Structure formats: structure tokens, C-alpha cells
2 protein chains.
Amino acid sequence: MTANPTQSFERVAIIGPGLIGSSLAHAMRDAGLSGEIIGFDRDNAIANRALELGVIDKAAPDFAAAVANADLIILATPVGAITGLCELLNAHAPAGALIIDVGSVKGAIAAAAATVRENLYFIPCHPVAGTEQSGPEAGFKTLFKDRWCILTPLAREDEAYKAAVARATALWEAIGAHIEIMDPTHHDLALAVTSHLPHLIAFTLVGAADDLESVTQAEVIKYSAGGFRDFTRIAASDPVMWRDVFIHNKDAVLEVLGRFSEELAVLQRAIRWGDGEALHDAFTRGRELRRAIVDAGQETTAPNFGRDETD
Amino acid sequence: MTANPTQSFERVAIIGPGLIGSSLAHAMRDAGLSGEIIGFDRDNAIANRALELGVIDKAAPDFAAAVANADLIILATPVGAITGLCELLNAHAPAGALIIDVGSVKGAIAAAAATVRENLYFIPCHPVAGTEQSGPEAGFKTLFKDRWCILTPLAREDEAYKAAVARATALWEAIGAHIEIMDPTHHDLALAVTSHLPHLIAFTLVGAADDLESVTQAEVIKYSAGGFRDFTRIAASDPVMWRDVFIHNKDAVLEVLGRFSEELAVLQRAIRWGDGEALHDAFTRGRELRRAIVDAGQETTAPNFGRDETD
């Protein structure tokens, strides 16, 4: 691992070529960062689809064949698979390989990553990017452009590991991402706020609307432009991925959920008491925060997310 | 009111030429449905801006001047203004005028509309359309295209009132909307589900994220692409309009909020207990519902609302 951090990889193994894995394949190929890209998925149909689409150059029959001779191994599976993958890495990954994951939870990943052999260089990563779609068809090369990627490196002081962190950083930057280095516990709390809780709330709202007796599903669909439809986007995300996120980030999610429920109780009481001033004050905070998100390049400026033809 | 339902209006008064009022002005002018359009706002600056932008043809100095000789009066203010407006209509509106509003709550509006003189024809309307922006600049002529507009007519059996309902229907249809006739109580419950509760939840989430001690606002902004940013769109909506909605639709909102809280408690318990199967089952409902909303023409098909350049 004394290589130039910006050099390309000769053989890249992608474990789980879904939305994120296939987007990485597209982006790396486009940036001239990859030699051969080998894909493996425990569902053969997914690897074969990735091959047909030209996302990967070869579909490997098993994990061992996928990582043989790889200098970069990308773990792009749901978070729950991580323990089993670390055992497979210990058994089959070639000495010197750089390993990155893309999981939305970092505490559990960092703990698992600390169990791999010392001659493997596992840098836990979380690119804060995605869409509500899944599978190899959903990937595209600009997914990470101007998005943040959070690295939570292990507590290793060896130079080879530090060089691996530099290489992982260079890789993400070469495909357009901005890097932040963070403690995994803080990552899991920050992302519980900006990603995990919003998904939980969206799933909850969709579930609540689905179960009503007095309002039909046809009405929910018809009048969804009143606001509901916004929530259905992230509520359409991959259920397995999100099940694993909540199982592996329980403490942080329950903490921010407590804060949310407290705020909701305050607004509920203001509605019950007809306290218009309290409601108005609470409702004025959204505009400023949205403007800041737009100014930071993390959101479109167009009204209604640009859904309407306005000319 | 025995006129042909599709004929145009000679003089249209728009009370409150904001996002919805000015969109109606653009759409009616474009469809050749309006002669002169007079605007009035209790904030003179808004009426003057609407005049400068060419949204209205004249800015009236007061309500009485705005509605003088009008054959169509459009009330496009926040819902809380309705009682005062009905008193002004009784005092100043010309006999025979068709009156429509655009409020997001219909029970309170229908009760107020029942207090206007019998020679005024008030049809409560709710176009389920909008953006997170406000003011005369925000209006555009296609806002109502392929959106639903719900009418909750008064319990009046006279032929002139029925003709007025037909004329209001023809007006909305001419600018691209689809019409549904509904009881105001059912409207308020259905919209509590599809619009009012989603807004309340979005305001709550933004408030909860704004108040955290452990995660900075800079981090919330940076990592908002993880899902949070979706909620900030509707949380950026007009605080006065939304204050009035919750004050005037208290019962229905509290009812659907109870249903939401129940569903949230179930998911919270599943997270605490690590019940992955319950989470997975709950999370699978979103995709189907979103597909149905897209199929119904109420949502874009593009991933991430089409925010990304994917080519």
C-alpha cells in the first residue's frame, strides 16, 4: 500500500452490484480508475444482470473467485451481511487489498472491520447519496457528484493503513464526492437525524395512510399532491437495506426519535389548544433551513422539486 | 346565473393574489376566460407587485372597489380570513356574483359561505396543487393541470346555485383540473391524511433537527441528501397559511395524528426489540403505493424527483 493515492486499480471486486455498487462501477470506469471489474452477488440473477448491462466485466461464481487478485474490494451489500463478509475476507482476500464498504451505519461496520487480518486495509465509508430505486439498472455515474462521503477509519497507526485512507479518499474525490473524516459513533447519530429518522417517518406515514378505514387508498393517491407524495419517494426505498439500518443503529435512532416525538407532542398540544402563535413560530424555521440546503448545493432550487412544467 | 357554464367572466376580482391567486389569473387569462382582472390584498405591496408583474390588470384600493361589478370573485387568502371576508361580501358583492375560494380546509369555509346573501353564489373549492413558494412571483399558469380540485357545494336546491356549481366546474376544467364533488367533513379528513399531516410531520422533523445539541446545523445541511432534504420542501411552505389550516381543521388532524403515532409506536418497538421481520414487512408497502401515485399522474417517474443529471 505504498502506491500513489491517485493511481487506478487493476482489478476491482464489487460485492453486491446494486444501486450503489453499480454506480461506483460506472463512475470509476468513467474516471479511468478501474482495470477489470468483477461482480459477485449471492443472488446470481443480479450479477448476471449487471454483466448484461455492462456494469461489470465478469460475474464471479463465488466470493473467493470475486476477490482473487483484487486490489480493491467494494462491499455494497445491506449492512446486516457485514459479519459474514469479514469472515470471507479473512479467508479469501489477497494481502494488501484496499477494502471499502458503502453502508449507512458505521459503528457496526467499524467493529466488524476491526476483525479482518492486518494485511487487509478496510476503510469504512458512507457516501451520502442514493435514489429510491434498487438493482444494477438503477446505477449511474454521477450519483456521488457533489455529495458528501464520510470515512470512519479504524484506530490503526501503521503507515500502510494511513496510505490506504489516502487512497480511499482519492478514489471518492476522483468521482466527485467531498470527504469528511468522522468518528463512527458521531456518524451514526448525525445520519440518524438526516437520513434514518426521515426514512422511518416516511415509512410510518405511508403505513398509517395505508391502514385507514375512513379514507380510501384511491383518495390517498388522488390527493397526494397535497404533500403526501413527497414522503412516498424515500418510503419506496429498499426494505432489506432499511431493515438492516434500523437493526444496526438502534440506539441513535431511538434517541433522535425521542426528540422528534417530543417536538410532535408540543405541536399537537398547540393544535388542540388553538395556539396559533406557537404554530406560526414553529412553522417559520423550515424556509431558512431549506435555503441553506439549496445554497450548500445539496438540493434543487426549482419549486416542487422541478416536477411541474412552469412555462 | 343562467349563463352558459363555459362562457368567460367580464370582471374577475382576486382577493389575495399570492401563489394560488396569481396562478389562477395566469391560467384564466391563458384560457381566454377572463376580461379584466382586479386584485386586492390587505398588504398593498403584494397587490402592487402583482400589478407590476402583469398578473392583474388593476390593483383596487379596498375590498369594495375590488368586487364592484365583478361577476367572479376569487378568495385566495389564508383560511383564517374567511369570516371577515364573508361579512365584506354581504356588504359589497354585486348580486349574482359567482364566488370561489381555494382554501385547504372546507368545513369552516362551508359554514362561513352559508352566511352570505342568497343572491351570491359561493362554491367552496380546494385545488389540490401548490408549491412551497409564496407571493405573486410564484404563480404559473399550469399549476392546476392534471391536479384534482374538490368542490364542496352548499346544501342549496335553487337552480341558480346549481348553475353556479356547473360554472365553477367548467372554470376549473378549462384550466386543466379534474373535479370531485365531496362533503366538506370528508374532504377535511381525506386532506388531513394526504396534506395536513404530512406538513405537520415535515415541520416537526425540521424543528427537531434544528434543536439538537449533539449534531450541528452544518452537519444537517451537509448530509441532508440522505433523506432529510425531501421534508424541507413542504416545511418551507407559508407559515400563516398552515397555521390557519391546523386551527381550522383541528379535529381531523388530531384524529389522523393519533393513527400516525400508533404506527410509529409499533415501529419504535420493533426497532427496540430488533424485530427485523416486522420492520421489513412495514417497509414493503411504500413501493406499491408510490407506483400507484406515479401511475395516476400525480408524481414524476424520475428517481430522486429528477434532481440528478443521470446521463
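Hi everyone. Let me start with a convention: an angle of 65 to 115 degrees between two axes counts as roughly perpendicular. Keep that in mind while we look at this structure, which is a predicted model.

We'll begin with a pair of helices in chain A. Helix α7 covers residues 184-210, and helix α11 covers residues 250-273. The two pack at an angle of about 65°, and their axes lie 9 Å apart. By our convention, α7(A) and α11(A) are therefore roughly perpendicular to each other. Their crossing is right-handed.

Which residues make the contact between them? From α7(A) we have D188(A), L189(A), A192(A), V193(A), H196(A), L197(A) and L200(A). On the other side, α11(A) brings A252(A), V253(A), V256(A), L257(A) and F260(A). If you sort the residues of this contact by character, you find 10 nonpolar, 1 polar and 1 charged.

Now let's step back to the whole of chain A. It contains 13 helices and 9 strands. Its radius of gyration is 21 Å, close to the 19 Å that the globule rule gives for 311 residues, so chain A is as compact as a globular protein of that length. If you'd like a box to picture, the C-alpha atoms of chain A fill one of roughly 65 × 40 × 40 Å along the principal axes.

Next, the partner chain. How many residues of chain A are in contact with chain B? There are 94, and they meet 94 residues of chain B. On the chain A side, the elements giving two or more residues are α7, α8 (217-222), α9 (228-235), α10 (239-248), α11, α12 (276-283) and α13 (285-295). So our two helices turn up again here. In fact, α7(A) gives the most to this side, with 18 residues. The side of chain A that touches chain B divides into 50 nonpolar, 24 polar and 20 charged residues.

Last stop: a sheet in chain B. This one is open, with 3 strands in the order β7-β8-β9 and mixed pairing. Why do β7 (125-127) and β9 (178-181) of chain B each have one side without a neighbour in the sheet? Both stand at the edges with a single partner strand each, so one side of each is left free of a neighbour there. On average, neighbouring strands of the sheet are turned by 20° against each other, direction ignored.

Let's zoom in on one pairing. Strand β7(B) is joined by 3 bridges to β8 (residues 148-151) of chain B, and the two run antiparallel. Within that pairing, look for P127(B), which stands opposite C149(B) in β8(B).

Thanks for listening!

How values were computed. Residues numbered from 1 in each chain as written. Chains lettered and ligands numbered in written order. Predicted model: local features only at pLDDT ≥ 70, side-chain atom pairs only at ≥ 80, totals over all residues. Pairing = 2+ DSSP bridges. Helix = DSSP H or I, 4+ residues; strand = E, 2+ residues; numbered from the N terminus. Axes fitted to C-alpha atoms, helices over the stretch in contact; angles between N-to-C directions. Parallel < 35°, antiparallel > 145°, perpendicular 65-115°, else oblique. Left-handed = near helix turned anticlockwise from the far one by under 90°. Contact = placed C-beta atoms within 7 Å. Nonpolar A, V, L, I, M, F, W, Y, C, P; charged D, E, K, R; others polar. Rg over C-alpha atoms; globule rule 2.2 N^0.38 Å.
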